[in-house]
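User: I am new to reading protein models. Can you take me through one, feature by feature?

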Amino acid sequence: MSKNQNIETTKNSISSTKHSGKTNKEIALTGVFIALAMILSYLESLVPIGFAVPGIKLGLANLVTIVSLYKLGIKNTIIISVGRIILSGILFGNMMIIIYSLAGAFVSILVMLLVMKTKIFSATGVSICGAIAHNFGQIIVAVITLENMNIMYYMIVLAITGAIAGTLIGLLSGMIIRNIHM
Amino acid sequence: MKQEESAIIKKSDIVLLVAILVIALITFVYIMLTKKPGAKVQISIDGKVEKTISLDEDYEYQVTTDMGNNRIVIKDGVVDVTAADCPDKVCENHVTIKNVGETIICLPHKLVVEIVE
Ligand SMILES: [Zn+2]
């Protein structure tokens, strides 16, 4: 027991080595999470789920965002999302995609943070709200070029698909959050 | 309580999910039920109503402003923008409109064509 405690203390002293206000562990995890988010969004881009209605997506990268929100805090979550979007944008996209994605990410992270803070919902509810916020953010950006009466149908479709995809991603996130200890 | 904190899904999450699905369904039904054909088409330029035309008779209306030209055609109670010299052609490619509240917008020409009662 005392040996265990000793190890624990050593670990703590290592991980609390400050690096501009962050622990080394946090920095390492942030990097790993950016890489993971990039892989997930790349994987998702290989499977064209959104062929029928643009905007429908599973939001695999949101898995990383939610886990990070719970485990690494808001600052690191923003770093991870911005890092993922800019790096993916440079590698596979263009400037417009970067701006478009950043807008969506900020809306969705803000909503998820607020919902998380209320503590009413588990990660599943947080994920649902994030997915829908992201979809609605996209509609607002695209609203002018869309055909008028179809916008309402479009919103309904995106609300339903967002709720379902958000639930799946949220359940997965919840399992991960429960099983990683730091 | 501890159990509740670490639960991956709570009752409130299910309530949220069901509420969203129900609201979406109600909105869909509402749209379907309230959809009704309009009686007139209202043409606005830069936010000001320029002309209101009845849908009962076939009619062609040419909009010419400093910003450009749009040709609006009313035929069989359906309104269409058939020609425009705007760069994006969003208005020209737009589907025809006939129900109250439907619009065709030409952003470059600040033109709004809307179906009214
Ligand atoms: Zn136009």
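Analyst: Start with the metal site. Along the chain, the donors of the zinc ion follow the spacing C-x4-C-x14-C. Keep in mind that this is a predicted model.

User: Which residues coordinate the zinc ion?

Analyst: Look for the atoms that face the metal. Here they are the SG atoms of B:Cys86, B:Cys91 and B:Cys106, at 2.2 to 2.3 Å. Next, place two of them in the fold. B:Cys86 sits in the loop between strand 5 (78-84) and helix 3 (90-93) of chain B, and B:Cys106 sits in strand 6 (residues 103-106) of chain B, so this pair ties together parts that are 20 residues apart in sequence.

User: Are B:Cys86 and B:Cys106 buried or exposed?

Analyst: Both B:Cys86 and B:Cys106 are buried.

User: How many helices and strands are there in chain B?

Analyst: Count the elements, then read their order. Chain B has 3 helices and 7 strands. From the N terminus, chain B runs α-α-β-β-β-β-β-α-β-β. Then check burial: of the 117 residues in chain B, 34% are buried. Contacts add another view. Among contacts in chain B with a separation of 6 or more, 32% join residues 24 or more positions apart.

User: Now the interface. How many residues does the contact take from each chain?

Analyst: Read an interface from both sides. Chain B gives 23 residues and chain A gives 24 residues. Together the two chains bury about 2200 Å², with 73% of it on carbon and sulfur atoms. On the side of chain B that touches chain A, helix 2 (residues 11-34) of chain B supplies the largest share, 11 residues. That side of chain B divides into 13 nonpolar, 6 polar and 4 charged residues.

User: What is the count of salt bridges between chain B and chain A?

Analyst: The count is 0 salt bridges. Polar contacts are a separate tally. Across the interface of chain B and chain A there are 6 residue pairs in polar contact, both residues at pLDDT 80 or more.

User: Can we finish with a single residue? Where is A:Phe121 found?

Analyst: Place the residue first, then list its neighbours. A:Phe121 is in the loop between helix 5 (95-118) and helix 6 (123-142) of chain A. Leaving out residues up to four places away in sequence, A:Phe121 touches A:Tyr70, A:Val115 and A:Val126, along with B:Lys10, B:Ser12, B:Asp13 and B:Leu16.

User: Why does A:Phe121 count as buried?

Analyst: Compare its value with the cut-off. Buried means under 20% relative accessible area. A:Phe121 has a relative accessible area of 17%, so A:Phe121 is buried.

Notes. Residues numbered from 1 in each chain as written. Chains lettered and ligands numbered in written order. Predicted model: local features only at pLDDT ≥ 70, side-chain atom pairs only at ≥ 80, totals over all residues. Heavy atoms only, no water. Donors = N, O, S within 2.8 Å, 3.2 Å for Na, K, Ca; no water. Helix = DSSP H or I, 4+ residues; strand = E, 2+ residues; numbered from the N terminus. Buried < 20%, exposed > 50% of the residue type's maximum accessible area, 1.4 Å probe, protein only. Contact = heavy atoms within 4.5 Å. Buried area = accessible area lost by both parts, 1.4 Å probe. Salt bridge = Lys/Arg side-chain N within 4 Å of Asp/Glu carboxyl O. Polar contact = N/O pair within 3.5 Å; in protein donor to acceptor, adjacent residues only side chain to side chain. Nonpolar A, V, L, I, M, F, W, Y, C, P; charged D, E, K, R; others polar.
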